[in-house]
Amino acid sequence: MAGLTGLGIGASLGMLAGYFRGRTDWCLSLVADAMLAFPPLILLLALASILTPSVTTILIGLTLVTIPAFLRLARATTISWSSREFVRAAKNLGAGDGRILLKEIFPNVVPSLGAFFPIVIAALIVAEGSLSFLGMGIPSPQPSWGGMISDGKAAIATAPHMVFVPAAVIFFTVFALNQIGDHLRLRFDRSMQD
């Protein structure tokens, strides 16, 4: 949920920044750069310590962490596609900015964002697992791989499977998502083919 929300907000803002440029681009890029400069885990820890750790708090924090990355990618992709001939032809034919963004540029931005999405989800899994391991993530009755590792660390000498099984699940899930992202980038990202 956090990844999809961050994708929607970040892609929308990034496309606006990349298409309109000028002050819009400057303001949105400044906010994105400031958020990217702040370490994500520290931001998530601060949110979890200020607000009560819950699923909602984690979702808000993870969404805030993903927005700048999607904003920067959508902005860069929009800048590259907005200078193409078909966009200039649409402008010359009298198409409005909204139509150009939705009909001409958006379909070309989607492959880059779609290829990047699994990699972001992998990073979110690691971030949530780290928070839960530290006791600042999803509260105890609800399952979390990081929480399972934290619960099993006291018994690692007698029952190592309590730590190694959830750790292996995190590892293989993140590895698989990274491989899927690389495959999607090679398969669908038109900027790699042009």
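This is a guided tour of one protein chain, from the overall view down to single residues.

**Stop 1: the whole chain**

Start with everything shown as a cartoon, and keep in mind that you are looking at a predicted model. The protein has nine helices and zero strands, so reading along the sequence gives you α-α-α-α-α-α-α-α-α. Turn the model around: along its principal axes, the C-alpha trace spans about 70 × 35 × 25 Å.

Now switch on the surface. About 10800 Å² is exposed by the protein, and carbon and sulfur atoms supply 70% of that area. Of the 194 residues, 37% count as buried. Contacts also link distant parts of the sequence: among those with a separation of 6 or more, 72% are between residues 24 or more positions apart.

**Stop 2: the loop after helix 1**

Select Arg-21, in the loop between helix 1 and helix 2. Its phi angle is near 55°, a positive value in a residue other than glycine. Is Arg-21 buried or partly exposed? Arg-21 counts as partly exposed, because its relative accessibility is 37% and the buried class ends at 20%.

**Stop 3: Ser-29 in helix 2**

Move on to helix 2, residues 22–37, and pick out Ser-29. Ser-29 is buried, with a relative accessible area of 8%. Which residues does Ser-29 contact, leaving aside neighbours within four places in sequence? They are Arg-72 and Arg-75, so try showing those two as sticks alongside Ser-29.

**Stop 4: Leu-47 in helix 3**

Next, select helix 3, residues 40–50, where you will find Leu-47. With a relative accessible area of 19%, Leu-47 counts as buried because the cut-off is 20%. Beyond its neighbours within four places in sequence, Leu-47 is in contact with Thr-57, Gly-61 and Leu-64. You can also draw a distance from Leu-47 to Ile-58: these residues are eleven apart in sequence, and their C-alpha atoms are 8.2 Å apart in space.

**Stop 5: Thr-66 in helix 4**

Select Thr-66, which lies in helix 4. Thr-66 is buried, at 2% relative accessibility. Setting aside residues within four places in sequence, Thr-66 contacts Ala-2, Gly-6, Val-120 and Leu-124.

**Stop 6: the nonpolar cores**

In soluble globular proteins, nonpolar side chains tend to be buried together. Here, the largest nonpolar core has 22 residues, and Leu-62, Ala-74, Ile-100, Ile-105 and Leu-113 touch the most other members. Show those five as spheres. Helix 1, helix 4, helix 5 and helix 6 each supply at least two residues of this core. Which helix gives the largest share? That is helix 6, with nine residues.

Zoom in on Ile-105. Not counting residues up to four places away in sequence, Ile-105 touches Met-15, Tyr-19, Thr-78, Trp-81, Ser-82, Val-87 and Ile-100. Then look for a second, separate core of seven residues, which includes Ala-122, Val-163, Ile-170 and Val-174.

**Stop 7: helix 6 beside helix 8**

Two packed helices are described by the angle between their axes and the distance between the axes. Color helix 6 (residues 97–133) and helix 8 (residues 161–188): they pack at an angle of about 170°, with axes 8 Å apart. That angle makes helix 6 roughly antiparallel to helix 8.

Show the side chains where the two helices meet. On helix 6, the contact residues include Pro-111, Gly-114, Ala-122 and Val-126, while those on helix 8 include Ile-170, Asn-178, Asp-182 and Phe-188. The residues of this contact divide into 14 nonpolar, four polar and two charged.

**Stop 8: helix 7 and a long distance**

Select helix 7, residues 145–152, whose buried residues are Gly-146, Gly-147, Ile-149, Ser-150 and Gly-152. What covers them? The cover includes helix 6 and helix 8, the pair from the previous stop.

For the last step, return to helix 6 and select Pro-107, which is partly exposed at 35% relative accessibility. Draw a line from the C-alpha atom of Pro-107 to that of Ser-150: these residues are 43 apart along the chain, and their C-alpha atoms are separated by 43 Å.

Conventions. Residues numbered from 1 in each chain as written. Predicted model: local features only at pLDDT ≥ 70, side-chain atom pairs only at ≥ 80, totals over all residues. Heavy atoms only, no water. Axes fitted to C-alpha atoms, helices over the stretch in contact; angles between N-to-C directions. Helix = DSSP H or I, 4+ residues; strand = E, 2+ residues; numbered from the N terminus. Parallel < 35°, antiparallel > 145°, perpendicular 65-115°, else oblique. Contact = heavy atoms within 4.5 Å. Nonpolar A, V, L, I, M, F, W, Y, C, P; charged D, E, K, R; others polar. Buried < 20%, exposed > 50% of the residue type's maximum accessible area, 1.4 Å probe, protein only. Core = buried A, V, L, I, M, F, W, Y, C linked by side-chain atoms within 4.5 Å. Areas by Shrake-Rupley, 256 points an atom, 1.4 Å probe, with all protein chains shown as cover.
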